[in-house]
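Me: I'd like a close look at one part of this protein rather than a tour of the whole thing. Please pick a spot and walk me through it.

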Amino acid sequence: MPIENSLSDPFNQPGLDLTDSELRETAYEIFVGACRSSGGGRPLTYVSQSSGRSSDKTSSLPSLQRSLTLTTTSKVKKALGMKVKKKEKESHGPELNGPATVGELMRVQMRIPEFVDSRVRRALLRIAAAQLGRRIESVVLPVEFLQQLKSSDFQTQREYEIWQKRNLKVLEAGLLVHPKLPLDRKDPAAQQLRQFIRGAREKPIETGRHSEAVQTLRKVTMQLACRSVDDYAPDTCHWADGTPLNLQLYQVLLEALFDVEEPTSMIEEVDEVLELIKKTWGILGIDQRFHNLCFSWVLFNHYVSTGQVENDFLFAVDNLLLEVKKDAKSTLDSGYSKVLCLTMNSMLEWAERGLLAYHESFYRGNIDLMQSILSLGLTAAVILAEENPHENGRRKIDDVANANVDIYIRSSMRKAFSQESEKVRINRKSAKSQLNHLPALCMLAQDVTDLAFTEKEIYSPILQKWHPLAVGVAVATLHSCFGQEVQKFVSGIKELTPDVIQVLIAADKLEKDLVQMAVEDSVNSDDGGKSIIQEMTPYEAEAVIVDLVKSWIKIRVGRLEEWVDRNLQQEVWNPKANRERFAPSAVEVLRTIDETLEAFFLLPIPMHPDLLPELMSSLDTCLRDYILKAKAGCGSRSSFLPILPPLTRCKGGSKLNGVFKKRDRSQMLQRKKSQLNTIDDKDPYDIPQLCVRANTFHHIRKDLEQLEKRTVAHLKSIGIRDGIINSSRKNFEVSLASCVEAIQQVCEAAAYKIIFEELKHVFWDNLYVGDTSSSRIEPFLQELEQNLEVVAVTVQDNTVRTRLITNIMRASFEGFSLVLLAGGPSRNFTLEDSSIIQEDFRFLMDLFWSNGDGLPRELIGKHSVTVKGVLPLFSIDTCSLIEQFKSIMLTDGHGSSTKSRLPLPSTPDQWGPNEPNTILRVLCHRNDKAATTFLKKNYNLPKKL
């Protein structure tokens, strides 16, 4: 797309009231007059008019009558670097019916009618006759024309009046408005000329050789035109050499170098015509400096005004500006400097319209044009910087081109980004894109990537001639533009969605591509590209993704925690309500965890292995909390063990009435049995419900193993290497450990609850109370067997069932020991009772062995060691027990043979046949006088609580 054509004309300043046609006619008059003098200061030669029009064109204008025959390539075009067209190479003379001479060609080029040309030549002949021996520079042509021509020389009175006004306007412009030398406004001659011109505008003056008005005009104009630094110089008149009038007139002449019929071409006779145009330098006050500057502007203006079609003109301007740059350095002329700055500003302003958005104006097919315009604009900028160093700040002249290119790159990239952004927005609204579900910023990221590579391939090679880090600046600008979009996008994120992740991943990929391009471009730079890289503030897209995923994890886990708290309070642990015999809430928790993991691996993110541990840890903690809350309130071994009663002694030789106690005990057992058969569904911690809890914990443990396998499969599916996968196998460690601990606690709590709470009426409250033979273990075994059947039916897993039954066995063995050693004063044993006790214990062990269908003998034997070690003490006579007790006490340093009393031994962690407290307790429950006497004498124990 061509750059906008409008230009600010540096030569068209306020005060010049001359139209294009008036300037053209005046310039032509000067041109013909200068050529008649034949240059070199030679005086005008008089030629008689009697020879007619033909002699007018042949003998009086030798320089204008030069033949148009061309034999060589144009030196001017060659110097300007312009291409020689095929038509020019094949040209050998004037075209048929075309101009035959240089003068005729110039008339045609300047669009001067033949009758006007004839009138000008006649006037110049008359001037030459009247001013014999004078140089053309020493006359004021408008005044001379007014004196030599009358109304009769014109076709109409109106034409005459227009011609007269034009000459007066030229005099006003050259002598009053833009004089060569500054003019005092109060100058008498100036005031007189203003008054004269004002009157002529109101009423045309009479012109001609004998016109008094013209004589008056001549006198005034000569006073003004002949002013110089030396106050007066009669050989030179300054009436057309004031700036910018002289430049406008010279511009009109130079524009004649372009073919009127083919504006995009320069005439083939450019060398000859330009040689004649230079003859006007004396009248117009032009030198080589002004010529170079004016010719540059004319070429540039013509290129722009003709639609920017002929790039040769632009290449010529670029070359000619190098000469202008040299001229500018070698002159201190303030007038020249002013025009130079105006011209360079206009060129730079136009060039920057394209360079500040070069993607809109240039493409692969016209990239050479961009180089010429860039070169032209930068040359103009450097010239301006050199002319106005104080306006350039601290920036060095050498840095001007680099700084300007930096501005062009950043501006162009911002505009290109804006266009790409708008294009994406429009495409997203179009019906065609409804099938494309890619987020807008993802599409923009791809477009920006393409834009960056296009910039590097097409534009950067040109820009790098003036800016070594062109690619880096371009990608840094794109990075900044897209970064602003990313910032706005991130600030609007409310939740993690696939679209959000897509955009952030696209942003991260774009950033890496842009940084890579910047690094590659900066390898050979002075700072290694640090300045560019530092400019590229990271998007931190990965960090944003990580934060979003962490927030996602927190929300998911938070919801699960709320669900756990709410549903555990409503959970029904009754096996009758749960066909699977484990809690539905556990199933739901595990399902939610599985769904959360599934959703996590479906997130299109590249950092699954990095974030998985946090997710797993959070889920593990949540599941552990479920387990802890599910087992809370179940109790433990210590919750159900009875408090050991104080030591007492038996009343020697006494026995309770066995018959009465047996009948009373039978009624009590019947009541307790009816209560046992009625399960309290409202008790969340009865034995069946504890069994359901154990099942639940076991189910969680088993399901976690499957969950870990699925996690490993997910990792493999996204290509994660084995090392990371192996580390992920340690997931849910806390929950698994909590499951094992919970199963153990529940099994232990259930076991001790059964023995010391559920069966208290037949065990702790009944076994061996009163008469040993009438309160044996059979009722306890019957009800214990019923409880074991409930456990066997309710607990599903063999391992958990075995663990629970083992704990029941351990609790029953421990309870049996407590009955014998800490059963209180209601339990008294004789030596004869020892066989009953041993037999009852064998019955208890046989229940758990169950003829080989129960627990292994080795396991039963392991847990029965303590009881078996204590039982022989009940078959030892009292005196021997007392001696054994004393011996152990003295051996262990608990007492002295000289003391009358032995100290009371402390309660041990474990009963044993050689443990003094154990032996003492056997004596406390021994129903004979010797034991009672020993206990009273040594410890003064009471007979009852």
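Reply: Let's start with empty space: a cavity is a set of points, on a 1 Å grid over the protein atoms alone, where a 1.4 Å probe fits but cannot get out, and its lining residues have an atom within 4 Å of a point. Its volume is the space filled by probe spheres set on the points, which are joined across faces, edges and corners. Keep in mind that this is a predicted model, where local features need pLDDT of at least 70, side-chain atom pairs count only at pLDDT 80 or more, and totals for chains, interfaces and linings use all residues. Residues are numbered from 1 along each chain as its sequence is written, and side-chain values use heavy atoms, with hydrogens and water left out.

There are three cavities of 30 Å³ or more here, and the largest comes to about 60 Å³. Around that largest cavity you'll find P645, P646, L647 and T648, then L821, A822, G824 and P825, and finally R921, C924 and H925. Two helices, α33 and α38 (916–924), each put at least two residues into this lining; helices are DSSP runs of H or I, at least four residues, numbered from the N terminus.

Now follow α33 itself. The helix covers residues 798–822, 25 in all, and spans 35 Å from its first C-alpha to its last. That's close to the expected 36 Å, taken as 1.5 Å times one less than the number of residues. Of its 25 residues, 20 are buried, so α33 is largely enclosed by the rest of the structure; buried means under 20% relative accessible area with a 1.4 Å probe, protein chains only.

Both ends of α33 are worth a look. At the N-terminal end, D797 acts as the cap, with a side-chain oxygen 3.0 Å from the backbone nitrogen of T799. After α33 comes G824, which has a positive phi, near 85 degrees. G824 is also one of the residues lining the largest cavity.

While you're zoomed in, check out the aromatics too. Ring pairs tie Y768, F813, F816, F829, F841, F848 and F874 into a cluster; rings of Phe, Tyr and Trp (its six-membered ring) pair if their centres lie within 6.5 Å. Then there's R827, whose charged end sits over the ring of W764, 5.4 Å from the centre. For an Arg, that label needs CZ within 6 Å of the ring centre and within 35 degrees of the ring normal.

Note on methods
Rings of Phe, Tyr and Trp (its six-membered ring) pair if their centres lie within 6.5 Å; planes under 30 degrees apart count as stacked, over 60 as edge-to-face and the rest as tilted. Buried means under 20% relative accessible area, exposed over 50%, partly exposed in between (1.4 Å probe, protein chains only). A polar contact is a pair of N or O atoms within 3.5 Å; within protein, one must be able to donate a hydrogen and the other to accept it, and residues adjacent in sequence count only if both atoms are side-chain atoms. On a 1 Å grid over the protein atoms alone, a cavity is a set of points where a 1.4 Å probe fits but cannot get out, and a pocket is an open set with protein on both sides within 12 Å along at least five of seven lines; lining residues have an atom within 4 Å of a point.
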